[in-house]
Amino acid sequence: MTTRNMSRFWEWGRKIICVGRNYADHAKELKNAIPTEPILFLKPPSAYVREGCPIVVPLYTSNLHHEVELGVVIGKGGTAIPQSTAMEHVAGYALCLDMTARDIQDECKSKGLPWTLAKAFNTSCPISEFILKERIPDPGNVKLWLKVNDQLRQSGCTSQMIFSIPFLISYISDFITLEEGDLILTGTPKGVSSVQEHDELQAGIQDVVTMTFKVDRPDQ
(Lines give C-alpha, C1' and ligand atoms only; values in the text may rest on other atoms or scores of the structure.)
Protein backbone atom coordinates (compact mmCIF):
# COMPACT_ATOMS: atom_id res chain seq x y z
CA MET A 1 0.00 0.00 0.00
CA THR A 2 1.01 3.61 -0.49
CA THR A 3 3.04 5.60 2.01
CA ARG A 4 0.98 8.69 1.14
CA ASN A 5 -1.76 9.85 3.48
CA MET A 6 -4.73 7.78 2.36
CA SER A 7 -6.97 9.47 4.94
CA ARG A 8 -6.81 12.59 2.75
CA PHE A 9 -6.94 10.88 -0.65
CA TRP A 10 -9.10 13.66 -2.10
CA GLU A 11 -6.18 16.09 -1.85
CA TRP A 12 -3.89 14.12 -4.17
CA GLY A 13 -5.88 11.38 -5.92
CA ARG A 14 -5.90 11.90 -9.67
CA LYS A 15 -9.30 10.64 -10.84
CA ILE A 16 -12.83 9.66 -9.91
CA ILE A 17 -14.25 6.78 -11.96
CA CYS A 18 -18.01 6.45 -11.75
CA VAL A 19 -20.25 3.50 -12.58
CA GLY A 20 -23.70 4.31 -13.96
CA ARG A 21 -26.87 2.22 -13.63
CA ASN A 22 -25.33 -0.40 -11.31
CA TYR A 23 -28.61 -0.95 -9.47
CA ALA A 24 -31.44 -2.38 -11.58
CA ASP A 25 -34.20 -0.46 -9.78
CA HIS A 26 -32.37 2.83 -10.36
CA ALA A 27 -32.00 2.06 -14.07
CA LYS A 28 -35.72 1.32 -14.22
CA GLU A 29 -36.76 4.50 -12.39
CA LEU A 30 -34.96 6.56 -15.04
CA LYS A 31 -36.44 4.37 -17.80
CA ASN A 32 -33.00 3.11 -18.83
CA ALA A 33 -32.10 -0.40 -19.97
CA ILE A 34 -30.36 -2.60 -17.42
CA PRO A 35 -26.72 -2.73 -18.57
CA THR A 36 -24.94 -5.94 -19.53
CA GLU A 37 -21.53 -4.40 -18.84
CA PRO A 38 -20.50 -1.44 -16.66
CA ILE A 39 -21.23 2.09 -17.86
CA LEU A 40 -18.31 4.34 -16.93
CA PHE A 41 -17.82 8.09 -16.75
CA LEU A 42 -15.32 10.37 -15.02
CA LYS A 43 -15.28 13.26 -12.58
CA PRO A 44 -12.20 15.44 -12.03
CA PRO A 45 -10.66 15.86 -8.55
CA SER A 46 -12.09 19.41 -8.54
CA ALA A 47 -15.51 17.76 -8.06
CA TYR A 48 -14.65 16.83 -4.47
CA VAL A 49 -16.32 18.73 -1.64
CA ARG A 50 -16.11 18.00 2.07
CA GLU A 51 -18.48 18.60 4.96
CA GLY A 52 -18.58 22.23 6.00
CA CYS A 53 -18.67 23.44 2.40
CA PRO A 54 -21.88 23.59 0.32
CA ILE A 55 -22.98 21.71 -2.75
CA VAL A 56 -23.24 24.50 -5.31
CA VAL A 57 -25.94 24.19 -7.96
CA PRO A 58 -24.57 25.04 -11.43
CA LEU A 59 -26.27 28.03 -13.00
CA TYR A 60 -27.19 25.99 -16.08
CA THR A 61 -29.37 23.39 -14.34
CA SER A 62 -32.85 23.53 -12.84
CA ASN A 63 -33.01 19.84 -11.86
CA LEU A 64 -30.09 18.78 -9.65
CA HIS A 65 -30.40 15.22 -8.33
CA HIS A 66 -28.74 13.40 -5.44
CA GLU A 67 -27.29 9.90 -5.84
CA VAL A 68 -25.82 8.24 -2.71
CA GLU A 69 -23.04 5.73 -3.36
CA LEU A 70 -20.33 3.63 -1.77
CA GLY A 71 -16.93 4.86 -2.93
CA VAL A 72 -13.93 2.53 -3.16
CA VAL A 73 -10.52 4.11 -2.52
CA ILE A 74 -7.63 2.48 -4.36
CA GLY A 75 -4.50 1.93 -2.28
CA LYS A 76 -2.40 -0.07 -4.73
CA GLY A 77 -2.44 0.70 -8.44
CA GLY A 78 -2.53 -1.75 -11.28
CA THR A 79 -3.55 -2.65 -14.81
CA ALA A 80 -5.55 -5.76 -15.81
CA ILE A 81 -6.16 -6.67 -12.17
CA PRO A 82 -7.71 -10.15 -11.74
CA GLN A 83 -10.98 -10.35 -9.84
CA SER A 84 -9.38 -12.88 -7.51
CA THR A 85 -6.91 -10.29 -6.17
CA ALA A 86 -8.92 -7.11 -6.75
CA MET A 87 -9.67 -6.46 -3.08
CA GLU A 88 -5.94 -6.38 -2.33
CA HIS A 89 -5.89 -3.07 -4.22
CA VAL A 90 -8.49 -1.46 -1.92
CA ALA A 91 -7.25 0.83 0.86
CA GLY A 92 -10.68 1.76 2.17
CA TYR A 93 -13.97 3.42 1.37
CA ALA A 94 -15.90 6.68 1.48
CA LEU A 95 -19.56 7.59 1.48
CA CYS A 96 -20.15 9.67 -1.64
CA LEU A 97 -22.81 11.60 -3.50
CA ASP A 98 -22.88 11.74 -7.28
CA MET A 99 -24.66 15.04 -7.83
CA THR A 100 -26.22 15.07 -11.28
CA ALA A 101 -27.73 17.86 -13.38
CA ARG A 102 -30.49 15.57 -14.63
CA ASP A 103 -31.97 17.98 -17.15
CA ILE A 104 -28.56 18.48 -18.73
CA GLN A 105 -27.88 14.75 -18.72
CA ASP A 106 -31.19 14.06 -20.46
CA GLU A 107 -30.45 16.73 -23.05
CA CYS A 108 -26.96 15.32 -23.68
CA LYS A 109 -28.29 11.78 -24.02
CA SER A 110 -30.96 12.88 -26.50
CA LYS A 111 -28.23 14.48 -28.65
CA GLY A 112 -25.75 11.63 -28.27
CA LEU A 113 -23.34 13.92 -26.41
CA PRO A 114 -21.11 13.20 -23.37
CA TRP A 115 -22.49 13.78 -19.86
CA THR A 116 -19.59 15.94 -18.64
CA LEU A 117 -21.57 19.09 -17.80
CA ALA A 118 -24.16 16.98 -15.99
CA LYS A 119 -21.70 15.07 -13.83
CA ALA A 120 -18.28 16.75 -13.52
CA PHE A 121 -18.98 20.27 -12.23
CA ASN A 122 -17.39 21.69 -9.07
CA THR A 123 -18.87 20.16 -5.84
CA SER A 124 -20.49 17.30 -7.78
CA CYS A 125 -18.76 14.71 -5.57
CA PRO A 126 -19.44 15.28 -1.86
CA ILE A 127 -17.54 12.75 0.26
CA SER A 128 -17.27 11.60 3.86
CA GLU A 129 -14.15 10.98 5.85
CA PHE A 130 -11.93 8.11 4.70
CA ILE A 131 -13.18 4.76 6.03
CA LEU A 132 -10.58 2.13 6.84
CA LYS A 133 -11.02 -1.11 4.91
CA GLU A 134 -11.39 -3.07 8.17
CA ARG A 135 -14.49 -1.10 9.14
CA ILE A 136 -16.41 -2.55 6.17
CA PRO A 137 -15.53 -6.25 6.16
CA ASP A 138 -18.18 -7.05 3.52
CA PRO A 139 -18.56 -4.18 1.02
CA GLY A 140 -21.00 -6.35 -0.92
CA ASN A 141 -23.54 -6.04 1.91
CA VAL A 142 -23.55 -2.38 2.95
CA LYS A 143 -26.73 -0.42 3.66
CA LEU A 144 -26.84 3.14 2.28
CA TRP A 145 -29.39 5.85 2.96
CA LEU A 146 -30.02 9.50 2.13
CA LYS A 147 -32.45 12.05 3.55
CA VAL A 148 -33.41 15.49 2.24
CA ASN A 149 -34.62 17.85 4.97
CA ASP A 150 -34.99 14.80 7.24
CA GLN A 151 -37.21 12.93 4.76
CA LEU A 152 -35.87 9.56 3.59
CA ARG A 153 -35.32 9.53 -0.17
CA GLN A 154 -32.90 6.67 -0.79
CA SER A 155 -32.36 3.39 1.03
CA GLY A 156 -30.57 0.43 -0.48
CA CYS A 157 -27.89 -2.19 -0.07
CA THR A 158 -24.78 -2.89 -2.11
CA SER A 159 -25.97 -6.48 -2.37
CA GLN A 160 -28.35 -5.09 -5.02
CA MET A 161 -25.48 -4.00 -7.29
CA ILE A 162 -25.42 -5.61 -10.74
CA PHE A 163 -21.60 -5.64 -10.87
CA SER A 164 -19.60 -6.42 -7.73
CA ILE A 165 -16.67 -4.38 -6.48
CA PRO A 166 -14.04 -7.00 -7.46
CA PHE A 167 -15.58 -7.20 -10.94
CA LEU A 168 -15.59 -3.40 -11.30
CA ILE A 169 -11.95 -3.08 -10.23
CA SER A 170 -10.92 -5.77 -12.71
CA TYR A 171 -13.08 -4.39 -15.54
CA ILE A 172 -11.98 -0.78 -15.10
CA SER A 173 -8.30 -1.69 -14.82
CA ASP A 174 -8.44 -3.47 -18.17
CA PHE A 175 -8.98 -0.07 -19.84
CA ILE A 176 -7.86 2.54 -17.30
CA THR A 177 -4.83 2.00 -15.09
CA LEU A 178 -5.87 2.40 -11.48
CA GLU A 179 -3.59 4.54 -9.33
CA GLU A 180 -3.20 5.13 -5.61
CA GLY A 181 -5.80 7.59 -4.40
CA ASP A 182 -8.26 6.94 -7.21
CA LEU A 183 -11.92 6.72 -6.19
CA ILE A 184 -14.48 4.40 -7.77
CA LEU A 185 -18.14 5.35 -7.32
CA THR A 186 -20.09 2.10 -7.46
CA GLY A 187 -23.58 3.30 -8.41
CA THR A 188 -26.71 4.42 -6.61
CA PRO A 189 -29.90 2.66 -5.45
CA LYS A 190 -33.34 3.88 -6.47
CA GLY A 191 -34.97 6.98 -5.05
CA VAL A 192 -33.02 9.77 -6.71
CA SER A 193 -34.80 13.12 -6.74
CA SER A 194 -34.17 16.82 -7.12
CA VAL A 195 -32.80 19.17 -4.50
CA GLN A 196 -33.25 22.90 -4.08
CA GLU A 197 -31.27 25.79 -2.68
CA HIS A 198 -31.11 25.66 1.17
CA ASP A 199 -31.97 21.95 1.29
CA GLU A 200 -30.04 19.84 3.81
CA LEU A 201 -28.80 16.44 2.66
CA GLN A 202 -27.93 13.78 5.21
CA ALA A 203 -26.48 10.46 4.09
CA GLY A 204 -25.05 7.43 5.81
CA ILE A 205 -23.60 3.97 5.71
CA GLN A 206 -25.43 2.07 8.42
CA ASP A 207 -23.34 1.72 11.62
CA VAL A 208 -20.27 3.26 9.91
CA VAL A 209 -20.53 6.94 8.96
CA THR A 210 -22.91 9.83 8.33
CA MET A 211 -22.43 13.19 6.62
CA THR A 212 -24.43 16.38 6.09
CA PHE A 213 -24.31 18.94 3.27
CA LYS A 214 -26.26 22.11 2.49
CA VAL A 215 -27.27 23.05 -1.04
CA ASP A 216 -26.40 26.54 -2.26
CA ARG A 217 -26.85 28.42 -5.52
CA PRO A 218 -24.45 31.15 -6.63
CA ASP A 219 -25.69 34.64 -7.34
CA GLN A 220 -26.79 35.08 -10.93
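Reader: How do E7 and strand E10 pair, parallel or antiparallel?

Author: Here's the general idea: strands of a sheet pair through backbone hydrogen bonds, and the pairing is either parallel or antiparallel. In this predicted model, E7 and strand E10 (residues 131–132) pair in the antiparallel sense, with 2 bridges between them. Look for Tyr 93 in E7: its bridge partner in E10 is Ile 131.

Reader: And how many bridges join strand E6 to E7?

Author: There are 7, linking E6 (residues 68–74) with E7, and these strands run antiparallel. Tyr 93 turns up here again, as the bridge partner of Val 72. So you can find Tyr 93 bridged to Val 72 and also to Ile 131.

Reader: Is strand E7 mostly covered or mostly open?

Author: Mostly covered. Strand E7 spans residues 90–97, and 8 of its 8 residues are buried.

Reader: What packs against E7 and its neighbours? Which strands do the buried residues of H4 touch?

Author: A bit of helix background helps. An α-helix has 3.6 residues a turn, so residues three or four places apart point the same way. Now for the case at hand: the buried residues of H4 are Ile 165, Leu 168, Ile 169, Ser 170, Tyr 171, Ile 172 and Ser 173. They pack against E1, strand E2 (39–43), E6, E7 and strand E13 (183–185).

Reader: Let's try another sheet. In what order do the strands of the open sheet with E5 come?

Author: The order is E8-E5-E14, 3 strands with antiparallel pairing. Strands E8 (100–101) and E14 (194–195) are at the edges with a single partner strand each, so each has one side left without a neighbour in the sheet. Zoom in on E5 (residues 64–65) and you'll see 2 bridges joining it to E8. One thing to look for is His 65, whose bridge partner in E8 is Thr 100.

Reader: Now a single residue. Where is Thr 158 found, and is it buried or exposed?

Author: Thr 158 sits in the loop between strand E12 (151–157) and helix H4 (165–175). Its relative accessibility is 3%, and the cut-off for buried is under 20%, so Thr 158 counts as buried.

Reader: What does the side chain of Thr 158 reach?

Author: It reaches the backbone nitrogen of Val 142 at 2.8 Å. A polar atom of the Thr 158 side chain also lies 2.7 Å from the backbone oxygen of Pro 139. Setting aside neighbours within four places in sequence, the contacts of Thr 158 include Tyr 23, Leu 70, Gly 140 and Leu 144.

Reader: Last topic: holes. How many cavities of 30 Å³ or more are there?

Author: The count is 2. The largest has a volume of about 120 Å³, and 17 residues line it, with Gly 20, Arg 21, His 26, Glu 67 and Lys 119 nearest its centre. Strand E1 (16–20) and helix H2 (102–111) each supply at least two residues of that lining; H2 gives the largest share, 3 residues.

Reader: What classes of residue make up the lining of the largest cavity?

Author: Sorted by class, that lining has 7 charged, 6 polar and 4 nonpolar residues.

Reader: And which residues line the second largest cavity?

Author: Among them are Val 57, Asn 63, Leu 64, Ser 194, Val 195 and Arg 217. The space inside is about 40 Å³. By class, the lining of the second largest cavity divides into 4 polar, 3 nonpolar and 2 charged residues.

Notes. Residues are numbered from 1 along each chain as its sequence is written. This is a predicted model: local features need pLDDT of at least 70, side-chain atom pairs count only at pLDDT 80 or more; totals for chains, interfaces and linings use all residues. Side-chain values use heavy atoms; hydrogens and water are left out. Two strands pair if DSSP finds at least two bridges between them. Helices (H or I, at least four residues) and strands (E, at least two) are DSSP runs, numbered from the N terminus. Buried means under 20% relative accessible area, exposed over 50%, partly exposed in between (1.4 Å probe, protein chains only). A polar contact is a pair of N or O atoms within 3.5 Å; within protein, one must be able to donate a hydrogen and the other to accept it, and residues adjacent in sequence count only if both atoms are side-chain atoms. Contact means heavy atoms within 4.5 Å. On a 1 Å grid over the protein atoms alone, a cavity is a set of points where a 1.4 Å probe fits but cannot get out, and a pocket is an open set with protein on both sides within 12 Å along at least five of seven lines; lining residues have an atom within 4 Å of a point. Grid points are joined across faces, edges and corners, and a volume is the space filled by probe spheres set on the points. Ala, Val, Leu, Ile, Met, Phe, Trp, Tyr, Cys and Pro count as nonpolar, Asp, Glu, Lys and Arg as charged, and the others, Gly among them, as polar.
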